[in-house]
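Colleague: I am just starting to read protein models, and I would love a close look at the pockets in this one. Could you walk me through what lines them, and then show me a strand from the same model?

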Amino acid sequence: MPVRGFTLIEMLVSLGIIVIITAIVLLGQSNFNRSLVLVDTAYTIAFTVRQAQTLGLSSRKIGTIQNAGYGVHFASGAPTNYELFADTIPAAPGNDQGGMCLGHSAQEGADAKPGNCIYDAVGERVNAYNLNRGFTIASFCGKDGAGVSRCSGSYLDSLDITFLRPNTQASIVGMHAGVPIDLVSASIHVSSPDGSQERCVNITKVGQVAVGTCL
């Protein structure tokens with residue numbers, strides 16, 4: 001009995017099915033890889049905030065200045081980078097910047113601290129970080145004492161999260177038209193290149209730092 005082979009139509013149908021299945025697998029793998037990189041990028045930002053917390057609480061000396069706080073700076077006009085900074089301006093201690101910096105009342109002695117809990121200039125920069133592969137900081141938001149959410153793009157020009165000893169609490173300050181705003185929490189929205197996925201780095205006033213889904 002002769003063996004029946006594939007007809008041309010059957011072969012084309014089989015090849016079409018293989019192509020469709022391969023495309024689905026590759027697309028799923030691409031989305032999975034993108035999700036992994038997105039989560040990794042969010043955790044990198046969270047780690048930088050934790051690094052600022054560690055440096056601030058340990059009061060690491062920066063140049064000739066002691067007792068400086070350390071923070072992380074985000075700017076609405078720079079969606080692909082952020083900065084770790086040492087809060088050394090103004091250098092003269094005793095400036096409490098309207099009470100936004102906890103423990104800044106002392107002007108001399110062991111508790112005297114420089115800074116104002118705001119990123120003032122490039123001279124304060126310790127390290128600059130750049131996001132790669134098209135990932136961006138889509139926005140950042142913070143809630144004020146009344147529970148009102150303030151976000152970049154529509155309100156906030158920048159966001160500074162600073163830590164300084166002996167407080168475990170974070171100083172979270174947003175800037176609007178050059179005016180500092182005391183915030184009780186903040187969230188950094190990290191977006192995939194096509195904008196289809198987001199992860200948030202959430203920071204609270206008590207110093208908690210966590211990565212999760214954006215609400």
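Modeller: Happy to! Strand S4 (136–143), strand S9 (185–191) and strand S10 (198–204) are a good place to begin, since each of them gives at least two residues to the lining of the largest pocket. Please keep in mind that this is a predicted model.

Among those strands, S9 is the one to look at with care: with four residues, S9 gives the most to the lining of the largest pocket. The volume of this pocket is about 270 Å³. It has 14 lining residues, and those closest to its centre are Lys-143, Ser-187, His-189, Asn-202 and Leu-215. If you sort the lining of the largest pocket by class, you find seven polar residues, six nonpolar ones and one charged one.

Now turn to the second largest pocket, which holds about 190 Å³ of space. Here helix H1 (8–58) and strand S3 (125–130) are the elements that supply two or more lining residues. H1 has the largest share of this lining, with five residues. To find the pocket in the viewer, you can pick out some of its lining residues, including Val-37, Asp-40, Thr-41, Thr-44 and Ile-45. Tyr-82 is also part of the lining, and so are Tyr-129, Asn-130, Leu-131, Asn-132, Arg-133 and Phe-135. By class, the lining of the second largest pocket counts six nonpolar, four polar and two charged residues.

Let us finish with a strand. Strand S6 covers residues 158–163, and six of its six residues are buried. Try following the side chains along S6: Ser-158, Asp-160 and Thr-162 point one way, while Leu-159, Ile-161 and Phe-163 point the other way. Both sets are buried, as all of these residues are.

What does S6 pair with? One partner is strand S1 (residues 69–75), which pairs with S6 in the antiparallel sense over six bridges. To see how S1 and S6 line up, look for Ala-75, which stands opposite Ser-158 in S6. Another partner is strand S7 (residues 171–176), joined to S6 by five bridges, and these two strands also run antiparallel. For that pairing, go to Thr-162 in S6, whose bridge partner in S7 is Ser-171. So you can trace S6 from Ser-158, opposite Ala-75, to Thr-162, opposite Ser-171.

Technical notes. Residues numbered from 1 in each chain as written. Predicted model: local features only at pLDDT ≥ 70, side-chain atom pairs only at ≥ 80, totals over all residues. Heavy atoms only, no water. 1 Å grid on protein atoms, 1.4 Å probe; cavity = no way out; pocket = protein on both sides within 12 Å on 5 of 7 lines; lining within 4 Å. Points joined across faces, edges and corners; volume = space filled by probe spheres on them. Nonpolar A, V, L, I, M, F, W, Y, C, P; charged D, E, K, R; others polar. Buried < 20%, exposed > 50% of the residue type's maximum accessible area, 1.4 Å probe, protein only. Pairing = 2+ DSSP bridges.
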